[in-house]
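Dear colleague,

I am passing on the structure below, and my notes on it follow. Please read them with the model open beside you.

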Amino acid sequence: MILLRLETGSAAWVNDLCMRMTSTQASEDYAWLGTAPALREFVGGRQPAELAEKSFVVSNKDYEGSLNIKSKDMRRDKLGMIQVRVNQLADRALDHPAKILSALIIDGESTACYDGQYFFDTDHDEGESGTQSNDITFDISDAGTGGTPTEPTAKTVAQAILKGIQQMYTLKDDRGEPMNQGASGFTVMLPVSMMAAGLEAVTAELTGGGDTNVLRALRGRFNIDIVPNPRLTWTDRLAVFRTDDAAKPFILQEEDIPDVIALGEGSEYEQLNKEQLFGIDWTGNVAYGYWQHACLVTLQA
């Protein structure tokens, strides 16, 4: 039953934000190549460009979750409550990538990514890009959108999201070319305390004061999903991620699909110990990918 539950589960926002990589060894070495050059006028012959290369290693980690259940308790469980707990073990395995990815996102302001800067930082610099930031602020008092940094209005959240998208449109690659000029799909991750304002920001026709909701008005141009994440420790910020490109903000590296251990009724383990063992193993890790497809927006007053 655990295996069936694993096969039917999902973690949609993890898939939207991550490049899934299959691992076959203890660690994987990623050669991060720079971008191809823009076209130039054909004058004086060809001028081939070399791809910049940066590499980093992602090491796998082993995780497990197990339950020991006495055989007599299994026999006496008329209401099926033990099976509920066994199913919850499968849910934990499905949720594990979301758990470790949430921790990675939270640490984005203090942990380096492939370019040596913090993932969310104000001074990224690669090749001909110039100094760039994907860690910005939105001043509620100047914008006059209402609420506070920890209890923003829907209008404030809508404007903050748009500011994050706008910032991503300014980011350039190592050739000095725009990175996100065709971006149209985004996921916005915010704390649960902003959930109502966030959902209203992308669905309501009008915001506070009867003004036209700019995000709703742009629904034909942008597709924006709201993800309230209860694991976030933020109270005054949200993160905008681009999700419509093959390159993603994060890497999800998996060595195996969750491996199920079930030493149940009739097994030698049960006969020796008078109990049944259920377990799930998962091997893999998460890592930062393209910081250019992410922007952290901090609200201030």
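How much area does the chain expose, and what share of it do carbon and sulfur atoms supply? About 15700 Å² is exposed, with carbon and sulfur atoms supplying 49% of it, where accessible areas come from the Shrake-Rupley method with a 1.4 Å probe and, for residues, only the protein chains shown count as cover.

Please note that this is a predicted model, in which local features need pLDDT of at least 70 and side-chain atom pairs count only at pLDDT 80 or more, while totals for chains, interfaces and linings use all residues. Residues are numbered from 1 along each chain as its sequence is written, and side-chain values use heavy atoms, with hydrogens and water left out.

Taken along the principal axes, the C-alpha atoms fill a box of roughly 80 × 60 × 35 Å. The chain has nine helices and 14 strands, which are DSSP runs numbered from the N terminus (helices: H or I, at least four residues; strands: E, at least two). Of the 301 residues, 45% are buried, that is, under 20% relative accessible area, whereas exposed means over 50% and partly exposed lies in between (1.4 Å probe, protein chains only).

On the surface, Lys-70, Lys-72, Arg-75, Arg-76 and Lys-274 form a positive patch, a patch being made of residues with over 30% relative accessible area and no salt bridge (a side-chain nitrogen of Lys or Arg within 4 Å of a carboxyl oxygen of Asp or Glu), with like charges joined within 9 Å and nonpolar side chains (Val, Leu, Ile, Met, Phe, Trp, Tyr) within 5 Å. Lys and Arg count as positive and Asp and Glu as negative, while His and the chain ends are not counted; the place of a charge is NZ of Lys, CZ of Arg, CG of Asp or CD of Glu. Helix H3 (residues 71-76) gives the largest share of the patch, three residues. Arg-75 lies in helix H3 and counts as exposed because its relative accessibility is 59%.

With kind regards
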